[in-house]
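Q: I am new to this structure and would like to go through it step by step. Could we begin with the side-chain contacts?

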Amino acid sequence: MPEQDDAEREFDLRWADGAEFKEPSARARMLAARWRENPPQPQPFRADPGPRTPRRSSWRSTAIVLGSVAAVILLLGYVNFRASY
């Protein structure tokens, strides 16, 4: 019996794929309705990217990280030094 169900399902899939009209997806219907009310502005094929924010140089980031690590080490050493008395 399961073999017959698979054959019927294959027939249904071939029948559905051969349909002349295919209903658009929910997203396509939503975008079509939105664009009817408020059409999108035309965009060039390869639009120029917006202005970039300048990146920090690597040495500055390294200095910040190393300074933070040194500050934590000094703080922990000071706390241990004070705790020994």
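Q: Which side chains meet in a salt bridge?
A: In this predicted model, the side chain of Glu 23 forms a salt bridge with that of Arg 29. The N to O distance is 3.1 Å.

Q: How many salt bridges does the count come to?
A: The count comes to one salt bridge.

Q: Is Glu 23 buried or exposed?
A: Glu 23 is exposed, and its relative accessible area is 63%.

Q: And what about Arg 29?
A: Arg 29 has a relative accessible area of 40%. It is called partly exposed because that value falls between the cut-offs of 20% and 50%.

Q: Turning to the whole chain, what share of the residues is buried?
A: Buried residues account for 1% of the 85 residues in the protein chain.

Q: What area does the protein chain expose, and what do carbon and sulfur atoms supply?
A: The protein chain exposes about 9,000 Å². Carbon and sulfur atoms supply 60% of that area.

Q: How many helices and strands are there?
A: The protein chain has three helices and zero strands. Read from the N terminus, the order of its elements is α-α-α.

Q: Where does UniProt place the transmembrane region?
A: According to the UniProt record, an unreviewed entry, the feature "transmembrane region" covers residues 62–81.

Q: What is the make-up of residues 62–81 in the model?
A: That span is 100% helix and 0% strand. The C-alpha atoms at the ends of residues 62–81 are 28 Å apart.

Note on methods. Residues numbered from 1 in each chain as written. Predicted model: local features only at pLDDT ≥ 70, side-chain atom pairs only at ≥ 80, totals over all residues. Heavy atoms only, no water. UniProt positions renumbered as here; feature names shortened; annotations may be inferred. Helix = DSSP H or I, 4+ residues; strand = E, 2+ residues; numbered from the N terminus. Salt bridge = Lys/Arg side-chain N within 4 Å of Asp/Glu carboxyl O. Buried < 20%, exposed > 50% of the residue type's maximum accessible area, 1.4 Å probe, protein only. Areas by Shrake-Rupley, 256 points an atom, 1.4 Å probe, with all protein chains shown as cover.
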